[in-house]
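Hi everyone, thanks for making time for this one. Let me put the structure up, and then I'll walk you through it.

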Amino acid sequence: QVQLAESGGGLVQAGGSLKLSCAPSGRLFTINSMGWFRQAPGKEREFVAAIRWNGPSTNLYGADSMKGRFAISRDNTKNTLYLQMNNLKPEDTAAYYCAATRKYCVGGVCSSAAVYDYWGQGTQVTVSS
């Protein structure tokens, strides 16, 4: 089993930045990929970014609207996953979830929510205009 705990959400003005953190615990050696997803009220869960947990920091990003503004990274010495979000927009408002999977996906990084085995409780990000 793996447990995930997110932190770092909050209220920020448009154009501002936030850095989310996710601290996995438990059987970390079973994790292949970790990712961030988000879900706004009334919308489906959306893939934000993912990264290999061990080995090369292969990563993958979701919609083009997030590329160049969001950056996923990891620090295995601290067992922590990060999501740096810059130039935030009101449409980025959502609950952000950290996820981990034991499965191996093509390229080493998984983007489908369906393959993730473990999920955090979520952290709310609200961007005001």
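Before I point at anything, one term: a residue is buried under 20% relative accessible area, exposed over 50%, and partly exposed in between, using a 1.4 Å probe and protein chains only. Now take arginine 27, which at 45% relative accessibility counts as partly exposed. It sits in the loop between S3 and S4; strands here are DSSP runs of E with at least two residues, helices are runs of H or I with at least four, and both are numbered from the N terminus.

A word on where this comes from. It is a predicted model, so local features need pLDDT of at least 70 and side-chain atom pairs count only at pLDDT 80 or more, while totals for chains, interfaces and linings use all residues. Residues are numbered from 1 along each chain as its sequence is written, and side-chain values use heavy atoms, with hydrogens and water left out.

Back to arginine 27 for a moment. Setting aside neighbours within four places in sequence, arginine 27 is in contact with Gln1 and Val2, where contact means heavy atoms within 4.5 Å. Its C-alpha atom is separated by 8.7 Å from that of glutamine 3, and those two residues are 24 apart along the chain.

Now the overall picture. The protein has 11 strands and 0 helices. Its radius of gyration is 14 Å, close to the 14 Å from the globule rule for 129 residues, so the protein is as compact as a globular protein of that length. That radius is taken over C-alpha atoms, and the rule is 2.2 Å times the number of residues to the power 0.38. The C-alpha trace spans about 40 × 25 × 25 Å along its principal axes. Buried residues account for 43% of the 129. If you look at contacts between residues at least 6 apart in sequence, 55% of them join residues at least 24 apart.

Let's turn to a sheet. In what order do the strands of the open 4-strand sheet come? The order is S1-S3-S8-S7, with antiparallel pairing; two strands count as paired if DSSP finds at least two bridges between them. S1 and S7 are the edge strands, each pairing on one side only. On average, neighbouring strands in this sheet are turned by 20° against each other, direction ignored; the axes are lines fitted to C-alpha atoms, for helices over the stretch in contact, with angles from 0 to 180 degrees between N-to-C directions. S1 and S3 run antiparallel and are joined by 6 bridges. To pick out one position, leucine 4 has proline 24 in S3 as its bridge partner.

Next, the inside. A nonpolar core here is a set of buried Ala, Val, Leu, Ile, Met, Phe, Trp, Tyr and Cys residues joined through side-chain atoms within 4.5 Å. The largest one has 29 residues, and those with the most contacts inside it are Met34, Trp36, Leu81, Leu83, Met85 and Tyr96. Its largest share, 4 residues, comes from S9. Apart from it there is another core of 8 residues, including Phe37, Cys105, Cys110 and Tyr116. Tyrosine 96 is worth a click: beyond its neighbours within four places in sequence, its contacts include Glu6, Phe37, Leu83 and Val125.

That brings us to the cysteines. How many disulfides are there? Taking a disulfide as a pair of cysteine sulfur atoms within 2.5 Å, the count is 2. One joins cysteine 22 to cysteine 98, S to S 2.0 Å. This pair links distant parts of the chain, with cysteine 22 in strand S3 and cysteine 98 in strand S9, 76 residues apart. The torsion about their S-S bond is about -75°, so this disulfide is left-handed. Both cysteines, 22 and 98, are buried.

Cysteine 105 and cysteine 110 form a disulfide too, with their sulfur atoms 2.0 Å apart. Here the value about the S-S bond is 105°, and the link is right-handed. Cysteine 105 and cysteine 110 are also buried.

Last stop, two asparagines. Asparagine 79, in the loop between S7 and S8, has a positive phi of about 50° although it is not a glycine. Asparagine 87, in the loop between S8 and S9, has a positive phi near 50°. Asparagine 79 is partly exposed at 31% relative accessibility, and asparagine 87 is partly exposed at 42%. Thanks, and I'm happy to rotate the view for anyone.
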